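Reader: I have a model open on my screen and would like to talk through it with you. Could you take my questions one at a time?

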Amino acid sequence: LEILVTILNENDNNPQFVQSNLTRVVREDTEVNATIVAREDLSATDADLDIIYYELTATVQGTDGYFAIKGVNNPEIYLRKALDYDKFQLTTLLLYARDRPVTSPDPTNTANATITIIIEQTDTRAPWFLPCAFLSNNTNVCISSPYSGTINISEMAVEPLILRPGPIYAIDPDYTINEKIMYSIVGGNTDEVFSVDALTGNITMNKIVTSSRSFLLQVMATQVNNLRKYSIATVEIKAINKSLYPPHFEKGLYNGTVLVGLAPRSFVFQAGHPSTPLMITAADEDFPDV
């Protein structure tokens with residue numbers, strides 16, 4: 001008697017990843033659609049010879065949508081959306097491998113692999129002059145205010161000029177790289193009255209100014225390693241008459257009266273003169289005609 005026995009394959013094996021934990025360092029300026037993890041590094045095997053179905057999820061809040069797989073049967077991970085180091089520097093992805101489609105009612109065996117993605121900051125932004133304010137909550141754009149200062153007519157300043165809102169200073173906003181910055185005057189320096197220190201940004205005088213006038217300098221901050229990454233700030237310097245006298249109040253004491261219950265922004269009147277608004281005046285001998 002010859003007996004033929006057919007053994008039916010039971011779905012009793014889980015898919016297996018070659019590596020269940022992987023780490024990749026990804027540059028911030030990586031192009032969209034670039035491969036992050038190759039298919040051969042992520043493909044799972046199944047002893048039951050079933051077709052493997054993959055699903056990728058991000059476990060770090062705010063990092064969804066940046067990475068994806070090529071297809072339900074292709075686990076190659078690619079960059080789907082441009083990276084921004086200021087938004088996140090690290091994320092963790094979970095890649096699931098199933099031997100049945102997600103929607104299948106049949107029993108499913110599953111395996112998962114963890115992929116850690118570390119974002120590496122790259123030199124993508126031009127220098128920022130400080131202080132500056134971000135534009136509409138956009139941390140990629142920081143707008144600086146113009147600098148301003150004064151010099152005295154017919155007087156040579158030997159120290160660097162004092163500017164508002166502060167000294168000229170620029171940084172590389174790619175702060176983990178922090179490239180060196182150098183400074184130069186590229187416009188508005190009529191008669192070469194001023195110089196700027198290439199390393200510190202301090203502005204000094206080369207010669208005196210003999211009349212009342214205003215200079216609108218354009219100062220450029222450039223990355224030493226890449227001259228195409230630069231920013232320009234304006235510096236307004238006014239030549240004025242030297243102040244010899246401090247301003248002073250014309251009276252040492254001012255008296256006023258106000259009625260109870262008046263609305264805000266109502267006048268305060270001079271004491272003893274209920275119809276005359278109280279006025280506080282000051283004088284300056286540097287400006288006798290004012």
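Reader: Beyond its neighbours within four places in sequence, which residues is Ile 77 in contact with?

Author: Glad to start there; this is a predicted model, in which local features need pLDDT of at least 70, side-chain atom pairs count only at pLDDT 80 or more, and totals for chains, interfaces and linings use all residues. Residues are numbered from 1 along each chain as its sequence is written, and side-chain values use heavy atoms, with hydrogens and water left out. Contact means heavy atoms within 4.5 Å. By that test, the partners of Ile 77 are Ala 34, Thr 35, Ile 36, Val 37, Leu 42, Leu 56, Phe 67, Ala 68, Ile 69, Leu 93 and Ile 115.

Reader: Which element gives the most residues to the largest nonpolar core?

Author: A nonpolar core is a set of buried Ala, Val, Leu, Ile, Met, Phe, Trp, Tyr and Cys residues joined through side-chain atoms within 4.5 Å. The largest one has 26 residues, and Phe 67, Ile 77 and Ile 115 have the most contacts inside it. Elements giving two or more residues include β6 (67-71), β7 (74-79) and β9 (110-120); strands are DSSP runs of E, at least two residues, numbered from the N terminus. With five residues, the element that gives the most is β9.

Reader: How many residues of β7 are buried?

Author: Buried means under 20% relative accessible area, exposed over 50%, and partly exposed in between, with a 1.4 Å probe and protein chains only. Asn 74, Glu 76 and Tyr 78 point one way from β7, while Pro 75, Ile 77 and Leu 79 point the other way, and all are buried. The strand is therefore largely enclosed by the rest of the structure, and its buried count is six of the six.

Reader: Which residue stands opposite Ile 77 in the pairing of β7?

Author: Two strands pair if DSSP finds at least two bridges between them. Two bridges join β3 to β7 in antiparallel fashion, and there the partner of Thr 35 is Tyr 78. β6 also runs antiparallel to β7, with four bridges, and these two form a hairpin with two residues between them. Opposite Ile 77 stands Ile 69.

Reader: Which strands stand at the edges of the open four-stranded sheet, each with a single partner strand?

Author: The order in this sheet is β13-β19-β18-β15, with mixed pairing. Six bridges join β15 to β18 (residues 213-223), and the two run antiparallel; Ser 184 has Met 220 in β18 as its bridge partner. Each edge strand has a single partner, so one side of each is left without a neighbour in the sheet: these are β13 (147-152) and β15 (181-187).

Reader: How far apart in sequence are the parts that the disulfide of Cys 132 and Cys 142 ties together?

Author: The structure holds one disulfide, meaning a pair of cysteine sulfur atoms within 2.5 Å. Cys 132 and Cys 142 have an S to S distance of 2.0 Å, and their link is right-handed, with 95° about the S-S bond. Cys 132 counts as partly exposed at 24% relative accessibility, whereas Cys 142 counts as buried at 12%. Cys 132 lies in β11 and Cys 142 in β12, so the parts tied together are apart in sequence by 10 residues.

Reader: How far apart do the C-alpha centres of domain 1 and domain 2 lie?

Author: Domain bounds come from an automatic or database domain assignment. That assignment gives domain 1 (16-120), domain 2 (128-240) and domain 3 (245-284). For domain 1 and domain 2, the distance between C-alpha centres is 48 Å.
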